[in-house]
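Hi,

Here is the structure I promised to pass on. Have a look first, and my notes follow underneath.

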4 protein chains.
Amino acid sequence: MLNTLIVGASGYAGVELATYLNRHPHMTITALAVSAQSPDAGKLLSDLHPQLKGVVDLPLQPLSDPAEFADKVDVVFLATAHEVSHDLAPAFLAAGCVVFDLSGAFRVNDADFYTQYYGFTHQHQAWLDKAVYGLAEWQRDGIKEAQLIAVPGCYPTAAQLSLKPLIEAGLLNDAQWPVINATSGVSGAGRKATMNNSFCEVSLHAYGIFHHRHHPEIVAHLGTPVIFTPHLGSFPRGILATTTCRLKPGVTQDDVAAAFKAAYDDKPLVRLYEKGMPALKSVVGLPFCDIGFAVQGEHIIVVAVEDNLLKGASSQAVQCLNIRFGFPETESLI
Amino acid sequence: MLNTLIVGASGYAGVELATYLNRHPHMTITALAVSAQSPDAGKLLSDLHPQLKGVVDLPLQPLSDPAEFADKVDVVFLATAHEVSHDLAPAFLAAGCVVFDLSGAFRVNDADFYTQYYGFTHQHQAWLDKAVYGLAEWQRDGIKEAQLIAVPGCYPTAAQLSLKPLIEAGLLNDAQWPVINATSGVSGAGRKATMNNSFCEVSLHAYGIFHHRHHPEIVAHLGTPVIFTPHLGSFPRGILATTTCRLKPGVTQDDVAAAFKAAYDDKPLVRLYEKGMPALKSVVGLPFCDIGFAVQGEHIIVVAVEDNLLKGASSQAVQCLNIRFGFPETESLI
Amino acid sequence: MLNTLIVGASGYAGVELATYLNRHPHMTITALAVSAQSPDAGKLLSDLHPQLKGVVDLPLQPLSDPAEFADKVDVVFLATAHEVSHDLAPAFLAAGCVVFDLSGAFRVNDADFYTQYYGFTHQHQAWLDKAVYGLAEWQRDGIKEAQLIAVPGCYPTAAQLSLKPLIEAGLLNDAQWPVINATSGVSGAGRKATMNNSFCEVSLHAYGIFHHRHHPEIVAHLGTPVIFTPHLGSFPRGILATTTCRLKPGVTQDDVAAAFKAAYDDKPLVRLYEKGMPALKSVVGLPFCDIGFAVQGEHIIVVAVEDNLLKGASSQAVQCLNIRFGFPETESLI
Amino acid sequence: MLNTLIVGASGYAGVELATYLNRHPHMTITALAVSAQSPDAGKLLSDLHPQLKGVVDLPLQPLSDPAEFADKVDVVFLATAHEVSHDLAPAFLAAGCVVFDLSGAFRVNDADFYTQYYGFTHQHQAWLDKAVYGLAEWQRDGIKEAQLIAVPGCYPTAAQLSLKPLIEAGLLNDAQWPVINATSGVSGAGRKATMNNSFCEVSLHAYGIFHHRHHPEIVAHLGTPVIFTPHLGSFPRGILATTTCRLKPGVTQDDVAAAFKAAYDDKPLVRLYEKGMPALKSVVGLPFCDIGFAVQGEHIIVVAVEDNLLKGASSQAVQCLNIRFGFPETESLI
């Protein structure tokens with residue numbers, strides 16, 4: 001049994017982590033923690049999220065010094081803000097813990113990226129160099145050896161799972177940038193009270209056009225420019241991403257199908273659709289990314305759906321855990 | 001043309017008032033105002049509520065001294081918090097304005113009511129004595145003469161329109177209290193950022209059981225005890241109230257039908273259903289209260305639906321305005 | 001391992017049964033079946049419900065003769081229409097199968113009940129006599145011995161779990177009937193294309209007033225008259241039931257709390273709230289019924305929430321299975 | 001006063017037409033009609049759509065022979081299926097009526113278009129030649145003279161209002177096709193009972209990829225190829241269209257702003273956003289199309305929102321009526 005700590009357990013991703021890890025046969029939840037300043041410190045997780053009453057009734061302990069927890073646990077999940085993850089991870093890593101960070105703090109191995117897109121100066125280049133990006137289907141080998149796994153963002157997971165098979169197979173026409181239109185549920189904005197999240201104010205709209213922080217994350221890991229336009233939908237959970245690309249002349253539907261099959265045929269948490277397109281409800285509450293595509297002439301449209309809190313955050317983190325420690329990849333997820 | 005001021009115009013009820021008054025042939029919106037401390041002061045109403053872009057683009061003026069506005073207007077609508085209405089109304093009234101107050105500040109002619117249920121000491125007993133309760137279908141005569149009209153709360157409107165015909169006709173069995181179960185949309189909580197209103201947190205639940213402030217308002221005006229249980233539903237607008245009562249022995253379905261017909265046959269904004277029960281969508285965005293009922297043995301169930309922001313607030317205020325000034329009762333409402 | 005057949009597997013309750021039984025360590029899904037006339041016969045369950053792709057990909061076999069399946073299975077779940085269950089169950093029972101029927105066909109041990117409320121003549125009085133009503137928290141002993149378990153309806157589960165502790169403890173005032181107001185999600189109407197279920201037509205409303213078939217089921221099992229008013233809400237899943245009762249003079253909040261505690265303290269799938277009231281989202285997707293209550297004077301209000309497809313149907317069926325065969329009561333449910 | 005007939009009045013677009021025309025000062029609704037085979041024939045419009053109770057209580061007359069109505073009316077609105085409009089329009093036109101057709105039957109002046117995309121052989125080339133496409137902001141002059149106005153589809157309205165200013169100003173780079181991603185509410189599928197429209201089945205998904213009938217309509221009227229990907233969203237009304245294009249080298253944000261301003265500055269029902277992007281709720285229930293855009297490097301993203309039943313159907317039809325008869329363009333719409 002591995003002892004584990006979840007930091008930021010009171011948020012939506014934290015709740016999902018607690019649910020998965022509570023039923024994982026090789027994991028013990030040693031402690032749940034929140035910022036020492038949080039009004040939730042001291043409460044039970046199930047007071048904030050009554051769906052967990054009788055399931056996970058552990059208290060949310062205030063975390064001020066990582067050392068108080070680091071000796072007692074083997075594994076740490078950070079479901080915290082970027083700056084918080086940046087500050088906390090090194091202490092847990094130095095103590096020998098394996099760290100799964102769900103924030104953006106270690107996703108791109110270039111410190112300038114944080115200055116430019118996250119507004120803080122990254123202090124831990126050595127850990128940036130060692131961090132492995134936890135896009136599970138594409139980084140299995142790296143994850144197995146890593147001490148610090150930077151779990152991808154929700155949009156980047158959907159976008160990269162859609163595009164990587166085409167890029168790796170060399171099928172895309174460089175003359176034109178892929179256009180990624182994605183719509184996310186409101187939980188992607190986290191658990192907080194803002195006018196933007198207020199029930200009567202939420203309405204389908206595009207936001208962060210040309211400037212969303214997930215854009216450079218996608219570009220950095222795909223190694224190709226894209227146009228990424230996120231939208232907020234009036235539903236709590238899920239992401240649907242529709243990606244439109246131009247293929248190289250002569251590329252056929254069969255070439256595309258072969259590329260997707262080669263990429264995902266042995267990947268249990270990506271489900272390819274041979275016909276039809278996936279709908280959001282097929283993945284809400286589930287750890288899958290479902291992908292469909294259609295080709296006409298030189299154009300291809302790829303549609304991917306996932307639960308932003310699961311394959312876009314918590315279940316992918318547990319998937320990375322399973323890979324890292326040699327458990328079955330879908331353990332406790334399905 | 002009557003000049004009018006809307007105070008608290010940035011809230012959901014304020015927006016509806018502005019929309020109605022903007023198209024009213026006898027009204028001019030002279031000014032929109034918000035609290036001088038509001039972060040919205042100085043913005044255009046249509047910046048906050050873009051649905052009004054090109055329709056009502058007036059600025060939200062900061063209101064610190066009512067005297068700045070009182071001389072310029074004939075009519076004032078207060079879509080403000082209870083304490084704010086309490087403080088502002090007397091100055092406008094003293095200047096001769098006719099005031100329609102959408103808050104609870106003048107709804108019950110007993111100052112103790114405010115100490116007990118609203119947590120403030122009422123300073124204006126003289127105005128409490130003069131205020132007319134704006135339950136339009138039942139107070140036409142009073143409204144015609146009033147200078148201060150206290151527009152009823154959203155739940156009390158639905159509850160009283162359901163029960164008054166039965167009570168006035170003497171059909172209810174006093175041995176048993178009417179049971180009012182009502183479900184309201186989230187806009188009833190006002191335009192603000194709270195965890196309770198946060199999109200992912202909203203979920204059907206009962207609240208304020210035995211203690212909601214609309215309970216004593218209902219009891220005071222019906223003159224009979226009731227059990228009132230409000231619920232929050234996961235939809236933006238509307239109220240559905242289901243009221244269960246015991247009839248006096250011998251009262252028939254026909255007696256009940258006659259009582260409702262007598263009460264509402266000539267009332268254009270209450271629509272009786274001869275068969276079937278009204279659904280919420282039949283009134284959302286509309287100024288009606290729709291009412292259906294069913295009798296079996298000694299029991300009756302009455303179902304009423306209304307838009308909480310309209311018949312439960314703004315359209316009823318304009319309906320009162322129309323009655324007060326002798327305009328057609330549905331002017332600019334339908 | 002017990003071999004099991006799910007009849008009516010293509011419906012919403014069937015899908016949930018398949019999901020639970022697929023992960024149950026003591027159960028094998030031997031076959032899924034639908035009516036031989038169904039257009040879904042021959043399809044994969046995961047073609048109709050892609051969330052099960054890669055999880056339960058079994059075909060939906062056409063069932064015309066129960067004998068084709070009865071020899072191969074130990075346990076049968078009937079997630080079928082009332083008449084279909086009525087016709088199929090005896091053949092499976094005669095073959096020695098244990099049958100869990102989710103329809104209303106065997107819920108009340110009085111054949112007249114079916115003539116009056118279901119519109120068909122019941123042919124199997126002997127099985128009506130032997131059937132045990134599967135209200136799991138209240139029928140543990142009976143379920144352990146039964147061959148035919150009639151799983152309660154969704155509304156009756158919420159209503160009875162709310163009222164039985166009060167009735168059993170003798171706390172209710174007989175002079176007044178309990179008033180049950182309940183709101184259900186649209187999945188309660190089953191998986192079919194009707195105008196009533198059509199997305200743009202669904203809107204909160206009351207229906208079946210004084211005449212819903214769950215009313216006599218509740219009355220029969222509680223042994224007391226009630227007023228039951230169901231509502232349809234514009235959400236897919238879940239039931240919230242608010243029950244208002246009059247207590248005997250002198251009954252206190254503590255008496256009520258003691259009654260609920262005595263009833264449910266050792267029941268893992270009913271969660272009592274010591275303070276506050278449960279919200280629907282706390283149980284959607286989960287096998288719990290959550291219950292809160294408040295007392296004032298002689299009145300009590302009880303609020304219960306459950307997932308209509310789970311505790312109101314499929315998870316309660318599996319809970320009954322667990323009780324029947326001596327598995328842990330929550331096996332595969334939490 | 002012009003006498004008018006609405007055919008297909010029982011559908012969602014028909015209801016909106018009835019609402020607008022009922023309050024139009026220059027129009028009289030002479031009759032509402034539905035197909036003689038419709039189960040709704042003989043009912044009141046307000047029986048089917050109770051929101052109109054007391055507002056428009058006219059009966060839905062069965063229409064078998066257009067001649068029964070043609071002599072009594074000046075104006076006909078066809079809110080009917082494509083084939084029905086195709087069959088009915090010529091008779092009304094021959095009788096001298098002005099016809100506003102909301103179907104696709106006369107939108108493209110090439111009979112082959114109907115064979116290929118609508119699956120029927122168009123019989124009325126002469127009327128195809130005379131029909132004017134009712135994209136109101138771009139066809140004012142033609143509409144003023146027309147006897148047959150083919151009101152555009154919902155998606156084509158949003159797509160063309162987004163793209164025409166850029167195309168007309170010659171700003172787009174021909175090397176790359178515009179990519180239009182649009183999401184529509186469920187009412188776009190019409191008022192009918194299908195599994196696809198069933199409440200619990202509706203979920204965000206892409207459909208009709210590369211093959212939606214609105215694609216060739218857009219291409220025909222823009223005169224340029226596009227990629228159009230429609231999605232169904234889980235909300236009743238509204239369309240949001242996000243269009244991504246490549247600009248010619250050297251085209252600036254100012255050039256784009258000037259093109260949009262030139263196109264829409266004097267158009268009351270298109271609202272340009274100088275900053276920010278429009279949200280769906282700003283237009284639901286309203287006759288506007290709201291448009292925002294952003295430029296970065298050679299790429300532009302345009303976001304347009306409209307109510308699919310209003311600017312995408314009924315309010316645009318009434319806007320065309322207003323233009324055709326010289327009424328103020330927004331008469332009865334705002």
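What rotation superposes chain B on chain A? The answer is 180 degrees, with 0.0 Å of shift along the axis and an RMSD of 0.0 Å (least squares on the C-alpha atoms of residues with pLDDT of at least 70 in both copies). The two copies are therefore related as by a two-fold rotation axis. They meet through the same surface, because 100% of the interface residues of chain B are also interface residues in chain A.

Some housekeeping: this is a predicted model, where local features need pLDDT of at least 70, side-chain atom pairs count only at pLDDT 80 or more, and totals for chains, interfaces and linings use all residues. Residues are numbered from 1 along each chain as its sequence is written, chains are lettered from A and ligands numbered from 1 in the order written, and side-chain values use heavy atoms, leaving out hydrogens and water.

On to the inside. The largest nonpolar core (buried Ala, Val, Leu, Ile, Met, Phe, Trp, Tyr and Cys residues joined through side-chain atoms within 4.5 Å) has 112 residues, and B:Phe77 and C:Phe77 have the most contacts inside it. Buried here means under 20% relative accessible area, with a 1.4 Å probe and protein chains only. Another core, of 110 residues, lies apart from it and includes A:Val75 and D:Ala9.

As for disulfides (cysteine sulfur atoms within 2.5 Å), there are zero over all chains. The sulfur of C:Cys200 is 12 Å from the closest cysteine sulfur, in D:Cys154, so too far for a bond. C:Cys245 is buried, at 2% relative accessible area.

Best wishes

Key: Contact = heavy atoms within 4.5 Å. Buried < 20%, exposed > 50% of the residue type's maximum accessible area, 1.4 Å probe, protein only.
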